[in-house]
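Trainee: Please take one small part of this model and look at it closely, then work outward from there to its surroundings. I would like each term to come with its cut-offs.

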Amino acid sequence: MNSALLQAVELALLSPYVWLVIVVSSLYGTFMGAIPGLTATMAVALVVPIVYFMDPIPSMAALVTLTACALYAGDIPNALLRIPGTPASAAYTDDAFGLTQQGKGDLVQSVCLLASAFGSIFGALVLIALAPFLAGIAARTFSVVEYFWLYVLGLSCAVVVSRGSMLRGLLALVIGLLLSMVGLSSVHAEARLTFGRPELYQGINFIPAMIGLFGVSEILRNMFAPRLSDLAPVPEEAGAAGVADTTWRQRVASAAGAKATTQGLPFLLRQRWHFLRSSSIGAIIGMLPGAGADIAAWVSVGLSKRFARHPEEFGRGSLQAVADGSAAKNAALPAAWIPALVFAIPGDSITAIVIGILMMKNVTPGPDIFTTQAPVVYGIYLLFIATAPVLLVTGMLAIRAGAVIRRTPKRILLPVILVFCITGSYAINGSPFDVFVMGAMGLLGFVLDRRDVPSGPIILGIILGTPLEERFIQTLTSTGGGLLAFFGRPMAAMLGLIAVTLWVMPLVLWMRERRRAWST
Amino acid sequence: MPDAGCRTPNAGRQTPGVARRARWLLHKTARRAVPALVALLLVSSMAGCGGGRDAFPNQPVVLICPWAAGGGTDRVARQLAVSLEGELGVPVNVINATGASGVTGHTRGALARGDGYTLTLITAELNMLHWRGLTPITPADFQPLALLNRDPAAIFVRKDAPWQTLADLDAHVLANPRALKASGTALGGIWHVALVGWLTQIGAPADGVRWISIEGTAPSLQELMAGGIDIVASSLPEARSLLDAGEIRALGVMADTRVAQFPDVLTMKEQGVDVAIGVWRGVGVPAETDPDAAAYLARALERAVTGSDFREFMRQAGFNWDYQGPQEFTATLAGLDRRFGTILGSEAFADLGKGVVGPRVFPAVLVTIGLLTLGVLLGTRQLGRTGGLDTFSWHGAARVAAVLGAVAFYLVAGESLGFVITTFAILLALMRLLEVRWPVALLVSVLVVATIYQVFANVLRVPLPRGVFGW
């Protein structure tokens with residue numbers, strides 16, 4: 001093992017070529033993640049023909065760095081423009097953007113970057129320590145029933161974390177779930193809610209929906225201001241831009257964004273236990289194929305609200321929500337490689353590409369990959385850790401570049417964002433229908449936003465609606481229709497109990513309050 | 001404040017005299033330079049938009065992949081694009097038109113302009129979807145140009161399953177109808193058809209093994225490992241890792257001869273069950289494509305597909321490479337289509353989708369919950385308007401309408417005017433609406449459109465509407 005580790009260090013960390021690949025892919029990944037509509041999956045798919053010609057370690061370096069950076073970079077437009085770059089970021093969009101509106105933009109960006117980087121390292125450590133052990137457990141315990149409850153849990157958390165009353169969150173969730181029903185249902189082999197329109201067969205793609213619900217609705221909200229002078233730029237950081245940098249060294253540091261980037265560190269250190277909890281949740285959920293970073297971020301923010309000192313801030317501008325969600329999503333990423341490496345079961349389209357590339361390199365994923373291909377596996381571990389500092393530097397530059405957006409007058413910025421939203425929505429599938437979805441969702445988000453109904457649960461509803469229904473029906477078909485099947489396996493019973501409690505608890509609390517109100 | 005467009009917040013902090021002078025200088029230069037700069041940038045933004053040569057092909061070719069990025073078909077498409085680019089001398093861009101079990105991509109490919117610039121990576125579902133009434137598109141809507149590969153179906157069980165050979169499983173299924181559960185794809189998908197083909201051959205009823213509809217081979221294999229189902233039907237390469245690890249066993253492959261890369265897996269024929277079903281991937285163009293362009297593409301495809309790079313990729317990725325030219329492939333497709341018609345027309349698939357939970361149940365439950373929630377919210381007056389920007393104004397409403405109008409304009413005009421003109425018009429109009437001054441609005445519009453176009457269309461090669469001018 002030690003010789004394999006040494007070999008991996010030599011292959012992965014001591015080669016200038018690998019470092020070059022890491023730097024280039026981190027820039028590319030950050031760019032792709034930060035532009036709304038360009039996703040990590042698309043970023044990976046576009047480089048497949050290139051990485052195919054590389055050796056295993058450099059090609060893995062490219063993929064590891066690029067996915068980690070793209071996943072982080074989704075936080076940048078999330079806080080700046082209220083457009084989540086990835087669905088995982090949507091779990092705390094209103095918090096991150098709310099804080100930016102309050103003039104704490106640099107702090108949010110710094111917390112996102114640091115939490116993402118540390119989350120990545122944590123996830124990588126889990127991958128190193130427990131991969132073969134956990135992969136076996138995950139593969140043998142998680143059948144369709146357990147997945148059903150996991151999706152229920154994720155959706156419940158989306159309702160719990162949303163601002164204001166749970167009822168409004170529930171309304172948003174139901175809208176999202178209904179939207180997910182549109183199109184051809186594969187379990188029924190039948191088209192639903194398509195009103196005879198062939199375009200609706202493909203269903204509602206969540207990326208244009210996300211761009212519309214958050215980005216376009218924000219543009220509309222700004223445009224709705226009665227006077228043009230209301231389109232004021234976002235308030236500048238108190239003390240950040242006003243104070244002139246006097247010495248040369250200070251000027252360089254401020255230009256590189258070092259000071260701004262590290263200002264979230266004290267906060268994260270104070271929150272270290274929350275950070276550990278969120279990253280663990282991220283790593284555990286990330287390991288389950290098909291669950292991934294999205295559910296991880298939502299569940300982690302949901303739990304975070306339960307333990308928070310200021311739960312009322314959630315959904316409006318809670319730094320803790322941002323930190324916990326951001327850490328969980330990046331911790332989920334390395335963990336998603338566990339089932340991919342051990343059983344060649346891809347958790348998402350990115351790991352599917354990874355498996356494909358590994359097979360092309362004659363590295364066959366499987367339980368014996370730790371013995372037969374040890375240098376490659378250790379190399380991947382090391383790369384996940386080596387990526388973190390690169391991510392910090394690239395993130396710093398990206399935040400610096402993004403700050404320009406905060407200083408651009410909104411009357412220029414809003415039309416430009418709209419064009420980016422349109423381009424991104426179109427580029428996903430090359431389909432005008434997706435642009436239509438973006439526009440329609442923008443209007444929906446705008447109307448709901450004015451009634452204080454959150455958009456986050458709609459997104460998660462669109463993503464998880466189809467698998468939720470499929471898992472429900474699969475469970476019933478495999479047992480022949482008994483509802484007891486949902487509690488028939490130990491893990492299913494446990495997850496089901498948690499989910500039911502999540503919904504019954506607020507009801508019980510409410511009834512008790514009512515009774516107390518009656519008696520007094 | 002008419003000049004807010006070019007003012008930065010920092011400008012106010014400088015001494016007033018310097019600021020005024022700087023602004024005056026900016027105005028003076030801007031007024032002269034902007035038109036020239038705009039013209040220059042417009043020209044440069046078109047750079048790389050093709051159009052030097054007259055002969056086919058002289059602009060980028062699109063390859064539609066009906067399946068998601070990252071899947072097996074997507075990988076084949078992207079590798080083929082690389083090889084084909086070398087033959088055609090123009091970029092070949094892969095577009096993932098996914099959704100609806102392949103209906104979306106095949107439909108878009110079949111209905112594309114017949115100019116030879118849109119190819120489709122057609123897959124086995126082309127033979128199946130129209131028999132199930134999901135699309136009017138049939139193989140006749142395509143001109144098949146090249147077959148790329150064929151992967152036969154195989155049957156897998158867990159390592160601790162009691163059945164050592166196919167005969168053991170046959171006997172169990174015949175003795176205990178509907179006791180076992182299987183998956184591999186959604187209901188009525190290719191592997192389901194394969195399983196029914198096997199059941200029919202051994203004389204079992206078509207629903208002798210219950211099919212659990214799980215979309216995708218990977219989640220089906222996960223379900224097999226977790227003990228939720230007993231059998232998985234899929235291709236051999238998709239299950240390779242678990243097979244090599246000894247976690248699962250292959251009982252038979254539905255081909256006439258053994259698959260070269262899996263010499264130990266017996267064919268079903270060897271075990272007395274005569275069935276051969278599998279997936280295939282190929283390339284087609286719309287049926288009424290210009291014959292010269294189609295012939296040119298077919299020759300380029302033959303060189304690309306039979307080239308050593310592509311063959312080596314297919315071998316390493318575990319796909320069973322199998323090339324056929326246009327004539328042979330057309331005949332193969334027609335034969336397969338008849339065979340799938342017989343299987344999918346049988347009574348086994350007649351009541352497809354009539355499961356325990358009908359297609360209307362979930363939407364109905366959701367509508368009920370939604371209406372209840374809405375009722376409570378309205379009843380308790382919780383849905384009032386909030387937020388600071390509450391006051392309604394016609395100006396505000398007009399601006400909202402303008403944004404939505406811009407999206408509508410893109411939908412109506414994008415495909416005919418092309419990306420550059422459409423987005424330029426949108427940017428300029430909206431900025432003028434927000435009273436950004438002409439020079440600034442022009443400059444920003446040109447810069448933004450040029451940058452997006454260059455990055456998206458030329459560097460990343462993601463699809464943008466091309467329009468009549470090609471940009």
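Mentor: A residue is called buried when its relative accessible area is under 20%, exposed when it is over 50%, and partly exposed in between, using a 1.4 Å probe and protein chains only. Because its relative accessible area is 14%, Thr118(B) is buried. Before going further, note that this is a predicted model, in which local features need pLDDT of at least 70 and side-chain atom pairs count only at pLDDT 80 or more, while totals for chains, interfaces and linings use all residues. Residues are numbered from 1 along each chain as its sequence is written, chains are lettered from A and ligands numbered from 1 in the order in which they are written, and side-chain values use heavy atoms, with hydrogens and water left out.

Thr118(B) belongs to strand β3 of chain B; helices (H or I, at least four residues) and strands (E, at least two) are DSSP runs, numbered from the N terminus. If neighbours within four places in sequence are set aside, Thr118(B) is in contact (heavy atoms within 4.5 Å) with Val62(B), Ile64(B), Ala112(B), Val285(B) and Pro286(B).

Two of those partners, Val62(B) and Ile64(B), lead us to strand β1 of chain B, where they point one way while Val61(B), Leu63(B) and Cys65(B) point the other way. In a regular strand the side chains alternate between the two faces of the sheet. Here both sets of side chains belong to buried residues, and accordingly β1(B), residues 61-65, is mostly covered, with 5 of its 5 residues buried.

As for pairing, two strands pair if DSSP finds at least two bridges between them. β1(B) meets that condition with strand β2 of chain B (residues 92-96), in the parallel sense and over 5 bridges, and Val62(B) stands opposite Asn93(B) there. β1(B) also pairs in the parallel sense with β3(B), residues 118-123, over 3 bridges, and in this pairing Leu63(B) stands opposite Leu119(B).

Stepping back to the whole of chain B, its secondary structure comes to 14 helices and 10 strands, and buried residues make up 53% of its 471 residues. Of the contacts in chain B with a separation of 6 or more, 74% are accounted for by residues 24 or more positions apart.

The last of the surroundings to consider is the other chain: 110 residues of chain B are in contact with 104 residues of chain A. Buried area is the accessible area (1.4 Å probe) that two parts lose on being put together, summed over both, and for these two chains it is about 9500 Å², with 69% of it on carbon and sulfur atoms. The largest share of the side of chain B that touches chain A comes from helix α12 of chain B (residues 394-417), which supplies 12 residues. Between the two chains the count of salt bridges is 0, a salt bridge being a side-chain nitrogen of Lys or Arg within 4 Å of a carboxyl oxygen of Asp or Glu. There are, however, 7 residue pairs in polar contact, both residues at pLDDT 80 or more; a polar contact is a pair of N or O atoms within 3.5 Å, where within protein one must be able to donate a hydrogen and the other to accept it, and residues adjacent in sequence count only if both atoms are side-chain atoms.
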